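Hi,

Here is the structure I said I would pass on. Have a look at it first, then read on for what turned up.

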Amino acid sequence: MPRFSVIVAIVFLLVTAPSVTNATITCGEVVVLLTPCIPFGVFGGTVPPDCCKGIKGLNAAKKTTMDRRIACSCIQEGAARIPGINYDRINTLCDVCDSPCPYKVYPSTNCSNECLIQI
């Protein structure tokens, strides 16, 4: 049953992804890149190679301030919809995958923060 909830959350994100003209990345693309990370975020264990590939791909795709804001908001909103997500666990993924992350994902993360947008 938890897997069904995760699938519903992903579909919801894809359907409600905002359309932004100044960005090169969409929420739908963020979801596709990070979906392989969901099992680790919920259940722990070994980080799938496709998760690290997705994190690196997302970092390469975030070219503008708007891209970073969209990715941050999408990750934050998506994580909040996944039952059983462990924020401390998902915040280790950048270190595990040896890929820089400009922010930590928590419900309180401010995706408009100056520090976030200057990276």
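I'll start with C52, which is buried, with a relative accessible area of 15%. Keep in mind as you read that this is a predicted model. Buried means under 20% relative accessible area, so C52 at 15% falls on the buried side of that cut-off. Its disulfide partner is C97, with an S to S distance of 2.0 Å. C97 is buried as well, at a relative accessible area of 4%. The torsion about the S-S bond of C52 and C97 comes out at about -70°, so this disulfide is left-handed. C52 belongs to helix 4, whereas C97 sits in the loop between helix 7 and helix 8, so the bond ties together parts that are 45 residues apart in sequence.

Now the other disulfides. A search of the whole structure turns up 5 of them, and I'll go through two more here.

One joins C37 to C51, again with an S to S distance of 2.0 Å. The pair links distant parts of the chain: C37 is in the loop between helix 2 and helix 3, C51 is in helix 4, and they are 14 residues apart. This link is right-handed, with 105° about the S-S bond. C37 counts as buried at 7% relative accessibility, and C51 counts as buried at 0%.

Another joins C72 to C111, with S to S at 2.1 Å. Here the angle about the S-S bond is -75°, and the link is left-handed. C72 is in helix 5 and C111 is in the loop between helix 7 and helix 8, 39 residues apart. Both C72 and C111 are buried.

If you want the connectivity in one go, number the bonded cysteines of the chain in sequence order, and the pairing reads 1-6, 2-3, 4-8, 5-10, 7-9.

On to the nonpolar core. In soluble globular proteins, nonpolar side chains tend to be buried together. The largest nonpolar core in this model has 29 residues, and V30, I55 and L93 have the most contacts inside it. At least two residues of this core come from each of helix 2 (27-34), helix 3 (38-43), helix 4 (49-61), helix 5 (65-80), helix 6 (87-90) and helix 7. Helix 5 gives the most, with 5 residues.

I55 deserves a click in your viewer. Which residues is I55 in contact with, leaving aside its neighbours within four places in sequence? They are L34, C37, L93, C94, C97, S99 and C101. Two names in that list, C37 and C97, came up above as disulfide partners of C51 and C52.

S99 is on that list too, so where does S99 lie? It is in the loop between helix 7 (93-96) and helix 8 (114-117). S99 is buried, with a relative accessible area of 8%. The side chain of S99 makes a polar contact of 2.7 Å with the side chain of N59. Leaving aside neighbours within four places in sequence, S99 is in contact with I55, K56, N59 and C94.

That's the tour; shout if you would like to go through any of it together.

Cheers

Definitions and conventions
Residues are numbered from 1 along each chain as its sequence is written. This is a predicted model: local features need pLDDT of at least 70, side-chain atom pairs count only at pLDDT 80 or more; totals for chains, interfaces and linings use all residues. Side-chain values use heavy atoms; hydrogens and water are left out. Helices (H or I, at least four residues) and strands (E, at least two) are DSSP runs, numbered from the N terminus. Buried means under 20% relative accessible area, exposed over 50%, partly exposed in between (1.4 Å probe, protein chains only). A polar contact is a pair of N or O atoms within 3.5 Å; within protein, one must be able to donate a hydrogen and the other to accept it, and residues adjacent in sequence count only if both atoms are side-chain atoms. Contact means heavy atoms within 4.5 Å. A nonpolar core is a set of buried Ala, Val, Leu, Ile, Met, Phe, Trp, Tyr and Cys residues joined through side-chain atoms within 4.5 Å. A disulfide is a pair of cysteine sulfur atoms within 2.5 Å.
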